[in-house]
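Reader: I am new to this structure and would like to go through it step by step. Could you show it to me before we begin?

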Amino acid sequence: MIIDTHCHIYYNECKNAEQILQKCKENNIIVILNGIDKESNKQVIELSKKYDNVYAAIGYDHSVVDKIGKEELLLLENQIKENNVVAIGEIGLDYHWIKNNKEKQKELFIAQLNLAEKYNLPVIVHSRDAVQDVYDILKKKKLKGSIHCYSGSKEMAKEFVKLGFYIGIDGPITFKNNKNQREIVKEINKDYLLVETDSPYLSPEPFRGEENTSLNLKYIIEQIAKELNLSYEETRKFTTNNALRLFDLNI
Ligand SMILES: [Zn+2]
């Protein structure tokens, strides 16, 4: 068994979502689907009910910040109460493209962290060009979760681990020019490493640029094994156990 702790294999992002999820099931791959908006959250919940290898994380990401008000947050809370949701995500801050709505992004992020505290759920956090703000906000909370597709410094990765956060590693670790992620896996406590694909995006080598699926998770595990001088099997085991622990999965 391997666990893809962050992906978007649902209809909004992926036309053949159900075929892929079925294939994952046949290959003993557990996936945690991450919604980002109203429509995808609904799809994530539906798919988690239909497939026993699929778990639901729901939330509103930075891209929909202008569409989310009290009503939508109430909907999210009701979905958390009424369904078996394992995490709140994908949520977070992204200052890469849009920089003029930082305060609004923070507000939405904090509102969802408050929900995570209330319902004792882990969070799956997106952080792009916003690592300091994400850190400052999480530091004030008593939460656990993952920093997905981590792209910050090694030093900062260690600080997140100190807060009880896990570091999500994806396809870019296999890219020749991405020394940063490869160094991070060597530097941080391996009990805090998670593997994820962010599929259908971020395909690892040798499929870079193509549509990604959770079936490619093995290439990420292979690369981590290489960096740590461990076997594939050892790496598969400890990353799987980390995911089981963080998301409290009984599989
Ligand atoms: Zn994502």
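Reader: Which residues does Leu138 touch, not counting residues up to four places away in sequence?

Author: This is a predicted model, in which local features need pLDDT of at least 70, side-chain atom pairs count only at pLDDT 80 or more, and totals for chains, interfaces and linings use all residues. Residues are numbered from 1 along each chain as its sequence is written, and side-chain values use heavy atoms, with hydrogens and water left out. Taking contact as heavy atoms within 4.5 Å, and leaving aside residues up to four places away in sequence, Leu138 touches Phe109, Leu113, Val125, Ile147, Phe160, Leu163 and Phe165.

Reader: Which helix gives the most to the largest nonpolar core?

Author: A nonpolar core is a set of buried (under 20% relative accessible area, 1.4 Å probe, protein chains only) Ala, Val, Leu, Ile, Met, Phe, Trp, Tyr and Cys residues joined through side-chain atoms within 4.5 Å. The largest one has 65 residues, and Leu138 is among those with the most contacts inside it. With five residues, the helix (a DSSP run of at least four residues) that gives the most to this core is H4, residues 102-118.

Reader: What is the arrangement of the four donor atoms around the zinc ion?

Author: Donors are N, O and S atoms within 2.8 Å of the metal (3.2 Å for Na, K and Ca), and here the protein supplies His6 (NE2), His8 (NE2), Glu90 (OE) and Asp198 (OD), at 2.1 to 2.3 Å. Four donors count as tetrahedral if all angles lie between 85 and 135 degrees, and as square planar if opposite donors are over 155 degrees apart and all others between 65 and 115, anything else being irregular. Because the angles run from 86 to 174°, the arrangement is irregular.

Conventions:
Four donors count as tetrahedral if all angles lie between 85 and 135 degrees; four count as square planar and six as octahedral if opposite donors are over 155 degrees apart and all others between 65 and 115; anything else is irregular. Buried means under 20% relative accessible area, exposed over 50%, partly exposed in between (1.4 Å probe, protein chains only). Helices (H or I, at least four residues) and strands (E, at least two) are DSSP runs, numbered from the N terminus.
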